[in-house]
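Please open the structure in a viewer and keep the sequence panel at hand. The tour proceeds by selection, one stop at a time.

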Amino acid sequence: MRPPMTTDNEPAPPEEPIGAPPPQTQPDTGELAAELDELRDNWRRSLADLDNLRKRHARELQRERSDERARTSAAWLPVVDNLELALQHVGSEPSAVLEGVRAVRDLAVEVLRGLGYPRYEETGVPFDPARHEVVGLVDDPGADPNTVVRVQRPGYGEGDRQLRPAAVVVNKRQE
């Protein structure tokens, strides 16, 4: 196929296809260098912002940990105060000292409950390996099989927030 001819018998310039993008001009290398410098500057600023954010987060986390330790320690101060009072009365009547020690224990248990770790020491409940640690077995015909008969050491906490399981004696399975 021959290119279309003009009136002067010279070939006409080829037509561009419809919908084709206009021809692009090459950007100046100075413009490219300036754009590259701007992108590098933005990248460095972003890295600096990220580093500052990490440092601020680490400081805030340390402050929160410190505040929580202070709150927890403050919750134990009444226990320490009552223990000191009990020690001052060592020469007193033994029943008074015993009552004071029980009061201190009850206060300590209450502090643990307030921190989210309630005490549990139920007997007659089914053995639960998530809540109980078996330290002994007995054969008690008066108790249901596989139930807690005696608590040697109470447990603290509940669900996935458990400080320790209760140490228990369990009734053997009767067959």
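What follows is a sequence of selections with a note on what is found at each. The model is predicted.

**First stop: strand β6**

Select residues 166–171, which form strand β6. This strand is mostly covered, since six of its six residues are buried. Which residues occupy each face of β6? In a regular strand, side chains alternate between the two faces of the sheet. On one side of β6 are Ala 166, Val 168 and Val 170, and on the other are Ala 167, Val 169 and Asn 171. Both faces are covered, and the residues named on each are all buried.

**Second stop: the partners of β6**

Add residues 132–138, strand β2, to the selection. Strands β2 and β6 run parallel and are joined by six bridges. To locate one position in this pairing, label Val 138, which stands opposite Asn 171 in β6.

Next, add residues 148–153, strand β3. The pairing of β3 with β6 is antiparallel and extends over four bridges. Here the position to label is Val 148, which stands opposite Val 170 in β6.

**Third stop: Asn 171**

Centre the view on Asn 171, which lies in strand β6. Is Asn 171 buried or exposed? Its relative accessible area is 1%, and Asn 171 is therefore buried, the cut-off being under 20%.

Display the side chain of Asn 171 together with the backbone of Asp 140. A polar atom of that side chain lies 2.7 Å from the backbone nitrogen of Asp 140. Then show the residues that Asn 171 touches, leaving aside those up to four places away in sequence. Among them are Val 138, Asp 139, Ala 143, Asp 144, Pro 145, Asn 146, Thr 147 and Val 149.

**Fourth stop: Asn 146**

From that set of contacts, select Asn 146, which is touched by Asn 171. Asn 146 is found in the loop between β2 and β3. Its phi is positive, at about 60°, although Asn 146 is not a glycine. Asn 146 counts as partly exposed because its relative accessibility is 26%, which falls between the 20% and 50% cut-offs.

**Final stop: aromatic rings**

Select Tyr 120 and Arg 131: the arginine lies over the face of the tyrosine, at 3.9 Å from the ring centre. Then select Tyr 117 and Arg 161. Arg 161 lies over the face of Tyr 117, at 4.8 Å from the ring centre. How many aromatic pairs does a search of the whole structure find? The search finds zero.

Note on methods: Residues numbered from 1 in each chain as written. Predicted model: local features only at pLDDT ≥ 70, side-chain atom pairs only at ≥ 80, totals over all residues. Heavy atoms only, no water. Buried < 20%, exposed > 50% of the residue type's maximum accessible area, 1.4 Å probe, protein only. Helix = DSSP H or I, 4+ residues; strand = E, 2+ residues; numbered from the N terminus. Pairing = 2+ DSSP bridges. Polar contact = N/O pair within 3.5 Å; in protein donor to acceptor, adjacent residues only side chain to side chain. Contact = heavy atoms within 4.5 Å. Phe/Tyr/Trp six-rings, centres within 6.5 Å; stacked < 30°, edge-to-face > 60°. Lys NZ or Arg CZ within 6 Å of the ring centre and 35° of its normal.
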